[in-house]
Amino acid sequence: MPSFRQELKPRFAALGIIVLLVLGLLLTRLWTMQVLYGATYTQQAEQNRVRELTTEAPRGRILDRRGKELVGNRPTMAVVAESSVLTNKALLNRLSVVLSMPVADIREKIASTKEAALAPRTVAIDVSQSAVAYISEHASEFPGVDVTVQAVRQYPQGNLAAHVLGYTGEVSESELGADNGAKYSYGDIVGKAGAEAEFEQVLQGDRGRRLIEVDATGHEQRVIEDTDPVTGRDVVLTIDSNVQKVTEKALAQAMTDARKIGFPKAKAGAAIAVDIRTGEILAMASAPTYNPQVFLGGVSKKNWATLTDKKSEFPLTNRAIMAQYPAASTFKAMVFLAGLEYGITTPSSTYDCEGKWVGMGKQWSKWCWNHGGHGVETLMDGVRDSCDTVFYEVGYRFYKDGGEKLQKFARRYGFGAKSGIDLPGETEGRIPDAAWKAKYNQDYPEYQLWLPGDTVNLSIGQGDLLVTPLQLLDSYAGIANGGKVMRPHVLKQVLGPDSKPVLTFKPTVAFDSKTSKASLRSMTTALVDVTEVGTAKSVFRNFPVRVAGKTGTGQVAGKDDMAWFVGYAPADKPRYAVAVVVEQGGHGGSIAGPAGRQMLAALLGQPVEHITATDISR
Amino acid sequence: MTRMNERSRLWFVNWPLVGIVFLLAIYGSVMVQSATSGMAGGPGLFKRHIFGLLVGLVPLGFAWAVDYRKLSGWIGPLIIFDALLILSPHIPGLGTTAKGATSWLAIGGMRLFQPSEPAKLITIIIMAGIIAAYKGKVEQGRDLAKVLGVLAIPLGLILLQPDLGTGMVFVAITAGMLLVGGLKPRWFLILGVTAAVLVAGMLSLNTTLDKAMGRDVLIKDYQLNRLLVFVDPTLDPKGAGYNLEQSKIAIGSGELTGKGLRSGTQSNLRFLPEPHTDFIFSVTGEELGFMGALLLLGLYLALLITALEIAAQSRDLFGSLIVAGVISMWTFQILENMGMTIGLMPITGIPLPFMSFGSSFMVTNMFAVGMLLSVWTRRQGVSGI
C-alpha cells in the first residue's frame, strides 16, 4: 500500500537539499567572517571596548638664574566645544550669554581649518565659577560643550623678558607633521617662540596614557593600562630678573626721553647685557613688548592682528636678535682694530679733520658729523670724538690696500653671521663686500662695482652694513674678552625631577678674532676715553666704575636717526658688556648711553640712576 | 499490544532525536547562562530558561502520547481555534504590546506566552490535514487556492499585529509542506513570481502614496528601513543598523576558537542587544568562535536529517506532512535567526530553536519534538499504539 513513500522520496530529498543549502550558506558566511576576516572584526571589537584617555603632563617651568619663576603653570576652568556646536545657533547664543563673549569670537575659537576638527576646541579659559556651575547644571542644553580643568602658563613677573621667554600655543598642523611630531596630539600646547620654542623638547612632558574598558554606554569597567604623565623639565635661564627689570625700564625711559626731546617716533628698540667671559645673557629686552598671556587659550584674531601690525611696531619681534640696523659709529671699533692689525694705521697716526673730507676728490667729498672740523686728531682721538674724517681716511686706505681686509676682520668678530644664540629667529646681518654688491645688484649692472666710497661708508658703520644688536654687543664682548667672542646663550641649566641640574650649559668660543693684545689694549684705552672725556662723557659722569664704550647715531633713509650705545665694564677687568639701540631715538650719547649706564650700574651692583645727557655726535 | 516487549518499548523511542534535542538544550542553556551572567538578574533569567525547558517536557510528553492521526478529524475546529489564538492578544485585558507588535498574551500585566508560537504548530496540523486530502498531488489551482486560503487566515492575522518575521515563518512552513505534499513545480514558480510582483507592487504603491500624500502612509519608512537594514546598515544606524553592526563584530571577532564563555566583550559590555534571546547566536559566535558555530550547525544538521528520516518512515502522508512542516519551521527559523546576526537576512524577532531564551518558544519547539516522536512511534511496522 505505501506507494506514497516512493512518491515522497524525491520530495524529502529536495527538502534535505534545501536544509543543506541553508546550513551551507550560513557556514560559508561564518567561515568568511570569523576565519577570513576575523582579525578585522576583532579590531573593531577592541575599538568598541577600549578607550584611550590621555592626561596632560605639566609643562616644565622657566626660571631665572637665581631660581625665580618666570613662567609657571596654573590650573584654570576652561570651556571646550566640539565643532558640531558651530551649526547650533541657539547653543551659540546660550554660550555667548553664559561666557559674556560675542558669538563671533566663539565661532572663531571653534572654527578650525585643521582636519582634526573633531577634537574639542577651547572656547574660553578662566571661566567664572557661576558660568561653570550653570553649564554643568544645564548640561543637556549644552550638547558638545564641556567644562574641563586645564593647566595654562602663568607669568608671575608679568611681561618681564617676554621676548626671551616666548609664548605657547596649540600645536599646529605643520608641527604635527614634523619629524618629532609623533609625540604630539591635537590640542597639545607647545612653545611657539623664544625659550618656550627653543627648549620645547625638555619643557614638554610626556602625556599620561590610560587605556580603559568601557561598556556600550561608555561607562568605565576597568583599567587595562595606566601610564603616569611625566612632567616636563624645568629650565633655568641665564637671565637675571633684576637686571632684566632695570634693562626694560631703562629702554622704556630712553624712548620716553627721546620723544621728549623731539624724536616722536622713538617707539622701538632693544637692549642686551652679557657676561663677556661666558656668553651668558643676563638681560635681553625688546621694545615694544607684548603680554604673553594673550596667547593662553588661543590668541584671538583681533589680538593677533594687533601683534603683527606695522602700526604697533611688530611687538612680537625680538629686536635684540632679529632686527638689523646700520651700526654707525659703534662700528669704528672694528675699523680701529682692523687698521692696527693690518698695519693700515697706528694709534698715534694723525689725521686732519676740516669738517669736509675730500680724500677721494672734491666731487666725492664727505662730511664729518662735526662740520666745523675736529682739527688734527690721532686715531685714538678719532675714537674718542667719533671723528668721521679719521675713519674715512682709514677706510679709504683699506680700499686702496685691497683684499677686503676690513670685512674679513669684522667677520672674525661675528658680523655677518648668526651668533648661535639659543633662541629662534636670529638674523645674520650683513657685511657688504664686492661679491655681495655684484649679486645684490645683478639686474642693475651700473651698480655692481665695489667703489671706494663703499669701503669709506662701511668704515663709519653706514652704507650697506647691517648688524643685529646682539652681533654688535658680541663684538665688544669679544674685545673685552681678549678677542674671543663667547657663544651667547640664555640656557643655564635644565633641572631634573629632583630640581638637581641634569644639564648645564658649557661656555664655548663662538668666534676667535686672534686680535693682538696690544691692539686690544689701545682699543680699551680709546673706548674709556669715550666715556671719560669723549662723546659719552656726560652719560658716565660720576660713574664709580671705569667704562669702555662707544656711542653711535645711525642714519636710515626716511627715518629719524637711531641711537646706539655699546660698552663694557669694568674697563680694567671686564666682566659685562651691554648694548642699547633706540630706533628713531636720535643721538646715541644722549638717548642710548643713559640706558647703558643704568644697565651697567645694575650689573655691577651700583646705584641705578636715570641721568640725562646731551650729545650731538654721530 | 501483543508484540510489545522490553526491547520494543525502547525501540519506539527515536533516541537520536531525543539525544540531539538534549544536546541542543544543554548547548542553549550554556549560552543563555553565559549571555545572562553579566546582566542584572542574570541568574534569575537562567533559572527561568531551565524552568521553560522542564515545563516543555509536559507538552512534549502530551504530543507524543496523543495519536497524531486523530487530529486529522479536527481540522475545522482547529482553524477557528488558530484564529482565536492569534487574535487573543487583541482582546482587551488579555494582550500586551511589545516592540510595536501586539503579540503577547498577558493577564493582569503578567506576560504568559505569545499565541503565535502554538499557532505555528496548529497551522502545521491544519495544513497537513488539508494537503494530505489531496493524496500527494496538489495539481488543481482550486486545491492550491484552498491551501492558500487557509494559510491566509493565520498569516493575515499575524501580519496585522504586525509581526512580519512570524508571518514569514508561516509562509515557509506552508511552502515546505506543499513541496512534500506534491505541489507541481510550475506552481512554485508561479507563486514565487506572484509574491515577488506583489511585494514590488506594494513597495512602489507605498512610495507613490507617500509621495502623493506628502507624508508617510501605509508602511512607515522606519519600519521598511528596519527590514532592509541588512542590505544597508546605514538605513537605521541607531536601531537595527547598530544592532546588526555589533552582532557582526561580535561574531567576526570570535574568529576560529572564540573568546571563551562569559568572556565575550561585545555581549558582556552590552554592545550586543538582547544577547540571550534574538542574538544568542552572536554570543555563541563570539565566545566559541567558528568551532562553536560549526558544532551548532552540526547539531542542527543532525536534528533535521533525523526529522527527515522520521518523515520518511511515517505511517501516512498526514504524519509526513506534519514532520515536513516542523522541518520547514526549524530550517527557516535557523536561517532567519542566524542569517540576521550575520547580515544575510532582515532583522526580525525570530528566536533560534532550542538556543534562545524564551519559554513560549521553547514550549513550542518541545511540542514539535513531541509530535515528531508521536509520528515516529506510530510509524509503519509498529502496531498497537
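How many residues does the contact take from chain B and from chain A? The contact takes 40 residues from chain B and 33 residues from chain A. The model is predicted. The points below cover the chain B side of this contact, then helix α6(B) and its packing, and finally L503(A).

**Chain B side of the contact with chain A**
- The elements of chain B that give two or more residues to the side touching chain A are α7, α10 (240-253), α11 (265-268), α12 (280-313) and α13 (317-341).
- Of these, α12(B) gives the most, with eleven residues.
- Sorted by class, the side of chain B that touches chain A has 24 nonpolar, 13 polar and three charged residues.

**Helix α6(B): length and bend**
- Helix α6 of chain B covers residues 141-160, which is 20 residues.
- At 1.5 Å a residue, α6(B) should span 28 Å, and its end C-alpha atoms are 27 Å apart, so the two values agree.
- The helix α6(B) bends by about 35° at A152(B).
- A proline, P154(B), follows A152(B) within four residues.

**Helix α6(B): buried residues**
- The buried residues of α6(B) are V147(B), V150(B), L151(B), P154(B), L155(B), L157(B) and I158(B).
- P154(B), the proline that follows the bend, is thus listed among the buried residues.
- These buried residues pack against three helices of chain B: α4 (75-87), α5 (116-132) and α7 (164-181).
- The helix α7(B) is also one of the elements giving two or more residues to the side that touches chain A.

**Packing of α5(B) with α6(B)**
- The axes of α5(B) and α6(B) are 10 Å apart, and the two helices pack at an angle of about 170°.
- Angles over 145 degrees count as roughly antiparallel, so α5(B) and α6(B) are roughly antiparallel to each other.
- On the α5(B) side, the contact uses S116(B), A119(B), T123(B), I126(B), M127(B), I130(B) and I131(B).
- On the α6(B) side, the residues met are K146(B), V147(B), V150(B), P154(B) and I158(B).
- By class, this contact of α5(B) with α6(B) has nine nonpolar, two polar and one charged residues.

**L503(A)**
- L503(A) lies in strand β19 of chain A, which covers residues 501-504.
- L503(A) has 15 other C-beta atoms within 10 Å and is therefore partly exposed, since a residue is buried at 20 or more and exposed at 12 or fewer.
- Leaving aside residues up to four places away in sequence, L503(A) touches Q493(A) and V494(A).
- L491(A) is twelve residues from L503(A) along the chain, and the C-alpha atoms of the two are separated by 9.7 Å.

Conventions. Residues are numbered from 1 along each chain as its sequence is written. Chains are lettered from A and ligands numbered from 1 in the order in which they are written. This is a predicted model: local features need pLDDT of at least 70, side-chain atom pairs count only at pLDDT 80 or more; totals for chains, interfaces and linings use all residues. The expected span of a helix is 1.5 Å times one less than its number of residues. The bend at a residue is the angle between axes fitted to the seven residues ending there and the seven starting there. Two residues are in contact if their C-beta atoms, placed from the backbone, lie within 7 Å. Axes are lines fitted to C-alpha atoms, for helices over the stretch in contact, and angles run from 0 to 180 degrees between N-to-C directions. Angles under 35 degrees count as roughly parallel, over 145 as roughly antiparallel, 65 to 115 as roughly perpendicular and the rest as oblique. Ala, Val, Leu, Ile, Met, Phe, Trp, Tyr, Cys and Pro count as nonpolar, Asp, Glu, Lys and Arg as charged, and the others, Gly among them, as polar.
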